[in-house]
Amino acid sequence: MKKISNITNDVERAFYSSKDCSFDNIKIDGPADGESAFKECSDIVIDNSFFNLRYPFWHNTRVVIKNSTMTDLCRAALWYDEDVTIKNVTSDGIKALRECKNVTMVDSTFHTEEIFWKVNNINVVNSTIQGAYAFLMSNNIKITKTHFKGKYSFQYCHNIHITDSVLDTKDAFWHSEDVLVENCDVIGEYLGWYSKRLTFKNCRISGTQPLCYASELKFIDCTFEKCDLSFEYSEVEGNIVGDIVSIKNPLKGVIKISGNAELIQDENDRSNGNFTLVK
């Protein structure tokens, strides 16, 4: 690999179409305010570097970014990229990743709105992500040992597996399909509405009106805290450890509970006797 190090560059498309290059201790910053520093590049490694200008990584293939910082001025940092590894990176720029393929993020912290939109094949490990509308319309997502905070996450997604993580998120998993969440704290209102084949295992779930209008919903050995008006018009099967505040008008299925629950089946009940609560 050609090695480039210890330089500052702020011109438009500073390293356009670079190939087989490593960059160490570079700064994309300066009064020229040029955008798209790395565009149409392949097989590049970025280490120990600083980004303070717009759109630095667009239309690239096989990119490694590590031990680096992207400021809030570094907006839309990675778009249309393929085979990307992000390790020990901090980013505050909005819309950090969009329409990429094969992205691995490890030991990183991203505080950014609208991250991971329309991305296919995502692997996040031991990281922190904060921002609204994360993972919108993305597919094939694996997350472990990660702390996520932000509203409207994982909407219109397919094929998700999340383990050993904290999800502090309102309106999560709406319209998502084929989701498995294991050993996680899931905090937030209106969880999983309109989802299909959403499964929770050994999770601690909290927040009002969770899991309504869901189909093929399953939960295994989960606790439900401050969860009222749960499972409205959902197809549901599972067991609850301890109490749940209330269950309202589930559509069909069986719930087993070791504690207490208020079952509300009022004049709007549509179950036709197809739901059973077993205590």
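**Strand pairing and local environments in a predicted all-residue model**

The side chain of serine 49 reaches the backbone nitrogen of isoleucine 26 at 3.1 Å, a polar contact in the sense of a pair of N or O atoms within 3.5 Å, where, within protein, one atom must be able to donate a hydrogen and the other to accept it, and where residues adjacent in sequence count only if both atoms are side-chain atoms. The model is a predicted one, in which local features need pLDDT of at least 70 and side-chain atom pairs count only at pLDDT 80 or more, whereas totals for chains, interfaces and linings use all residues. Residues are numbered from 1 along each chain as its sequence is written, and side-chain values use heavy atoms, with hydrogens and water left out.

Serine 49 is found in the loop between β6 (42-47) and β7 (50-51), strands being DSSP runs of E with at least two residues and helices runs of H or I with at least four, numbered from the N terminus. With a relative accessibility of 5%, serine 49 counts as buried; the term buried denotes under 20% relative accessible area, exposed over 50%, and partly exposed the range in between, with a 1.4 Å probe and protein chains only. When neighbours within four places in sequence are left aside, serine 49 is in contact with Phe23, Asp24, Asn25, Ile26, Asn67, Ser68 and Thr69, contact meaning heavy atoms within 4.5 Å.

A second serine, serine 18, has its place in the loop between β2 (8-9) and β3 (19-24) and counts as buried at 12% relative accessibility. A polar atom of the side chain of serine 18 lies 2.8 Å from the backbone oxygen of phenylalanine 15. Beyond its neighbours within four places in sequence, serine 18 is in contact with Phe23, Cys41, Ser42 and Ile44; Phe23 also appears among the contacts of serine 49.

At the level of the whole chain, the protein has zero helices and 30 strands, and its C-alpha atoms fill a box of roughly 70 × 30 × 25 Å, taken along the principal axes. Of the 279 residues, 50% count as buried. Among contacts between residues at least 6 apart in sequence, 5% join residues at least 24 apart. The protein exposes about 12,100 Å², of which carbon and sulfur atoms supply 44%, the areas coming from the Shrake-Rupley method with a 1.4 Å probe and, for residues, with only the protein chains shown counted as cover. There are 31 positive and 39 negative side chains, and the centres of the two sets lie 3 Å apart; here Lys and Arg count as positive and Asp and Glu as negative, while His and the chain ends are not counted, and each charge is placed at NZ of Lys, CZ of Arg, CG of Asp or CD of Glu.

Four strands form an open sheet with parallel pairing, in the order β5-β8-β10-β12. The edges are occupied by β5 (38-39) and β12 (97-98), each with a single partner strand, so that one side of each is left without a neighbour in the sheet. Two bridges connect β5 and β8 (residues 57-58) in the parallel sense, two strands being taken as paired if DSSP finds at least two bridges between them, and phenylalanine 38 stands opposite phenylalanine 57 in β8. Further along the chain, β19 (residues 158-163) and β21 (residues 177-182) run parallel and are joined by five bridges, with histidine 158 opposite glutamate 177 in β21. Strand β21 also pairs in the parallel sense with β23 (residues 196-201) over five bridges, where threonine 199 in β23 is the bridge partner of leucine 180.

Several loop residues were also examined. Alanine 132 lies in the loop between β16 (128-130) and β17 (139-144) and is buried, with a relative accessible area of 14%. Not counting residues up to four places away in sequence, alanine 132 touches Glu113, Glu114 and Lys151, whereas the C-alpha atoms of alanine 132 and valine 181, 49 residues apart along the chain, are separated by 20 Å. Most residues other than glycine have a negative phi. Tyrosine 190, in the loop between β22 (185-187) and β23, has a positive phi near 55° and counts as partly exposed at 24% relative accessibility. Leucine 229, in the loop between β25 (217-225) and β26 (235-240), likewise has a positive phi, of about 55°, and is partly exposed, with a relative accessible area of 26%.
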